[in-house]
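Please open the model in your viewer and keep the sequence panel beside it. The stops below say what to select next and what is there.

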Amino acid sequence: MKVKRFEAKTIKEAIKQVKDTLGPDAVILSVRKFGFLNRHVEVTAAADSPIISSSKEVKEKWDLKEIQTEIMELKALIEDLFVEKQMLHLFQWTKRGDLSGEIALKIIEGIKEGILAGILREDVSVKEFLYDLLLKLVKVLPPLEKQRRIAVFVGPTGMGKTTTLAKIAGNLSKDKSVGLITLDTRLGGSDLLRAYARLLELPIEVANSPKRLLDIIKNYADKDFILIDTFGVSPYNQFKIKDLARYLNVIPTSFITYLVISVTTKEEEISKIVQEFDLLTISSLLFTKIDEADIFGTIFNQMVYTGKPLSYLTTGQRVPEDIEVATPERVIDLIINTRGNYYDSTQRNRKVL
Ligand SMILES: Nc1nc2c(ncn2[C@@H]2O[C@H](COP(=O)(O)OP(=O)(O)OP(=O)(O)O)[C@@H](O)[C@H]2O)c(=O)[nH]1
Ligand SMILES: [Mg+2]
């Protein structure tokens, strides 16, 4: 018995090689697809003798071989269909998580080009595959304590700047000294932060001019961290954004600027916000009100479009509890599982501050 392997681009070509080399009596032992996008075929065949006969009996046997070839081709086709089916599922998943069509298509193109095809196998579920694929694309910023001493919270009104700042201050102040500053000089504008400062027993100062801001920062020289709250600014009010920039320009050391955005905001609006606020050199996107949303593709879309890393996610009104450091696992979990599994996944992936 002679056993031999043949490689070709199609099953037909491989079978022809088998026939030419081992003769029509050859028995096909296995067919395997391999290589880039599974575009190559390996056929293992066996024959008693390599002599090719041309008798009628052989012709009949060869008909049988043709049937065998057809079966093998069918098997290959089914395998291809499996990949197609996986892709369809994948597309449905991405749409369900509300990822933008553009990003969903990019993912699918990626697979089609074969960059990732090798890992999309029958024993890998679509969900698993998508999870691993998206995980590699998430950019996150480590928590403030591993970054800088000064952080500024900016964004449109009512997004949760003050509440988020209070949460971070509350967690930091468990073992570090923290000083608070607000630039919100509207009537009653500083009330909320003052209330939190009292509750957390932290010092608070109001800066009504850039010069005053610099003085306060100098006075806080003994503080491990300085957190600065700002007045809410409409993305359509460039004048006010520029005014805010005048304040930030006096901060003497490098600092983090968190752009605070509620995940319940319409996606087009978020794009506008990110674009207009970039005048302030945004370090990171900070998404609030995760508890009030159902689908979270926006978070991923904006991270990809703007190239800005994610930092924190806030999940309720409680101070300081309802905040998490954004991790790639948590972000992707939100997109893939959506609201249905929200509470389960919190238990699994939640990284408590
Ligand atoms: N459900 C929910 N509510 C939140 C969250 N974060 C903040 N809020 C609420 O959103 C409202 C606005 O929060 P603020 O912190 O005052 O928002 P702000 O951005 O400082 O608003 P301005 O100072 O007016 O610009 C408050 O009622 C907060 O309790 C969150 O993660 N989930
Ligand atoms: Mg506020």
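## A covered strand

Begin by selecting strand E5, residues 178–182, in this predicted model: the strand is mostly covered, with five of its five residues buried. With side chains shown, Val 178, Leu 180 and Thr 182 point one way from E5, whereas Gly 179 and Ile 181 point the other way, and all of them are buried. In a regular strand, side chains alternate between the two faces of the sheet.

Next, add the strands with which E5 pairs. Strand E7, residues 225–229, runs parallel to E5 and is joined to it by five bridges; here Thr 182 stands opposite Asp 229 in E7. Strand E6, residues 204–206, also pairs with E5 in the parallel sense, over three bridges, and in this pairing Leu 180 stands opposite Ile 204 in E6. If you follow the chain from E5, it passes through helix H6, residues 191–200, on its way to E6, and this β-α-β crossover is right-handed.

## The sheet of eight strands

Now widen the selection to the whole sheet, which is open and has eight strands in the order E6-E5-E7-E4-E8-E9-E10-E11, with mixed pairing. At its edges stand E6 and strand E11 (323–325), each of which pairs on one side only. Neighbouring strands of this sheet are turned against each other by 25° on average, direction ignored.

Further along the order, select strand E9, residues 284–288, together with strand E10, residues 310–314: the two run parallel and are joined by two bridges, and Leu 285 stands opposite Leu 310 in E10.

Then show helix H5, which lies across E4, E5, E7, E8, E9, E10 and E11 and runs at about 170° to E7.

## Around ligand 1

Keep H5 displayed and select ligand 1, because helix H5 (residues 161–172) contributes the largest share of the shell around this ligand, namely three residues. Which residues come nearest to ligand 1? Of the 19 residues around the ligand, these are Gly 160, Thr 162, Thr 163, Gly 232 and Thr 314. Coloured by class, the shell shows two nonpolar, twelve polar and five charged residues.

## The sheet of three strands

Turn now to the other end of the numbering and select E1, E2 and E3, which form an open sheet in the order E1-E3-E2 with antiparallel pairing. Strand E1 (2–8) and E2 are at the edges and have a single partner strand each, so one side of each is left without a neighbour in the sheet. The average turn between neighbouring strands of this sheet is 15°, direction ignored.

Between E2 and strand E3, residues 40–47, there are seven bridges, and the two strands run antiparallel; Arg 32 stands opposite Glu 42 in E3. Helix H1, residues 11–22, packs on this sheet, touching E1, E2 and E3, and its direction makes about 145° with that of E1.

One further residue to select is Lys 33, which is placed in strand E2, residues 27–34. Is Lys 33 buried or partly exposed? With 15 other C-beta atoms within 10 Å, Lys 33 is partly exposed. A distance drawn from the C-alpha atom of Lys 33 to that of Ile 11, 22 residues apart along the chain, comes to 9.3 Å.

## The whole protein

Finally, select the protein as a whole, which has twelve helices and eleven strands. Of its 353 residues, 33% count as buried. Among contacts between residues at least 6 apart in sequence, 74% join residues at least 24 apart.

Conventions. Residues numbered from 1 in each chain as written. Chains lettered and ligands numbered in written order. Predicted model: local features only at pLDDT ≥ 70, side-chain atom pairs only at ≥ 80, totals over all residues. Near = placed C-beta within 6 Å. Helix = DSSP H or I, 4+ residues; strand = E, 2+ residues; numbered from the N terminus. Nonpolar A, V, L, I, M, F, W, Y, C, P; charged D, E, K, R; others polar. Buried ≥ 20, exposed ≤ 12 C-beta atoms within 10 Å, placed from the backbone. Pairing = 2+ DSSP bridges. Right-handed = clockwise from strand over helix to strand, strands pointing away. Axes fitted to C-alpha atoms, helices over the stretch in contact; angles between N-to-C directions. Contact = placed C-beta atoms within 7 Å.
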